[in-house]
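Here's a quick tour for a newcomer. Take a look at the model below, then read on for a few of its helices.

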Amino acid sequence: MVQKEEQPRTASAHEQKAVRLSSPVIALMTDFGLRDGFVGIMKGVIAGIVPQAQFIDISHDIAPQNVAAGAWLLSTAYRYFPAGSIFLCVVDPGVGSQRRAIALEAGEWFFVGPDNGLFSYVLAEQPLRRVVALENPAYRLPAVSTTFHGRDIFAPAAAHLARGVPLSDFGAVLDPGSLQRLDLGQPRREGGRIEASVIYIDHFGNLVTSIPLTLVPDLFSASRVRLLIPGRHLTIERRQPFFAGAAGEGEPFVYSDSAGYVGVAIRNGNAAVALGVSVGEAVTLVIEEA
């Protein structure tokens, strides 16, 4: 008798909620840095509301006010978290202004933060199930400052969400089309040519371009590949899928970034500094077959 192989079972929404209530995961991403007490204060607010919360820090070193960098970094991280995780994201140059405070459910996760484009990649990649304005004073601190909504609005909202409060209790349901979105500038390939840009520079100074590796499956098999940085009059032709064994130190090379994008690195060096390249710089990838 042949036994039928048992298929893995996906947890129901009820089961996912039960897990969220018993041991909720709250992931934090900000541009606050760790020198001041801002991150610790937000965690203190959350702990006072939902003591059993598990905190995971994605990063607090987003360049100040750089919403685009925060949006991209969030996009590289959220998929690796369990269903029901809550992402508390604060890169908020518009704090105190008329920009909206929001919470949303997209895909299998929840996101809390400012409506300023910070969730652009998530919205482009996941089905948006519901988005609400954070308006209900019951889920804020009693006194709301004009400069620290991370403490007064976003942290309490994330905590109450982790406690099991439904999104509908926080405020009015918003039209998804009204949400602020960044121009992600998704590149397109025309023949062997792709126009793109540098979208991120990591801690090591590696350049991450907006070219997904899925767009260039022949990146390492093509006869010749040139990455042009016109603004710096640079052409990079060396290719290496990983760092070890790369070209001699000081020589830039094209590599496959772990987030799934084409990158530029210098072994044991800082490519951004050495090449004088910054975020937003235009690049062109040219792929040639023999």
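## Ground rules

A helix here is a DSSP run of H or I at least four residues long, numbered from the N terminus, and its expected span is 1.5 Å times one less than its number of residues. This is a predicted model, where local features need pLDDT of at least 70, side-chain atom pairs count only at pLDDT 80 or more, and totals for chains, interfaces and linings use all residues. Residues are numbered from 1 along each chain as its sequence is written, and side-chain values use heavy atoms, leaving out hydrogens and water.

## Helix 5, bend included

With 15 residues, helix 5 reaches 20 Å from its first C-alpha to its last, close to the 21 Å expected. There's a bend of about 30° at A155 (the angle between axes fitted to the seven residues ending there and the seven starting there), and a proline, P156, follows within four residues.

Helix 5 is mostly covered, with 13 of its 15 residues buried (under 20% relative accessible area, 1.4 Å probe, protein chains only). Right after helix 5 comes G164, whose phi is positive, near 110°.

## Where helix 2 meets helix 5

Residues in contact have heavy atoms within 4.5 Å. On the helix 2 side these are I41, M42, V45, I46 and I49, and their partners in helix 5 include A155, P156 and A159.

## Helix 3, tucked in

Helix 3 (residues 67-77) is largely enclosed by the rest of the structure, because nine of its eleven residues are buried. Among them are W72, L73 and L74.

Note on methods: Helix = DSSP H or I, 4+ residues; strand = E, 2+ residues; numbered from the N terminus. Buried < 20%, exposed > 50% of the residue type's maximum accessible area, 1.4 Å probe, protein only.
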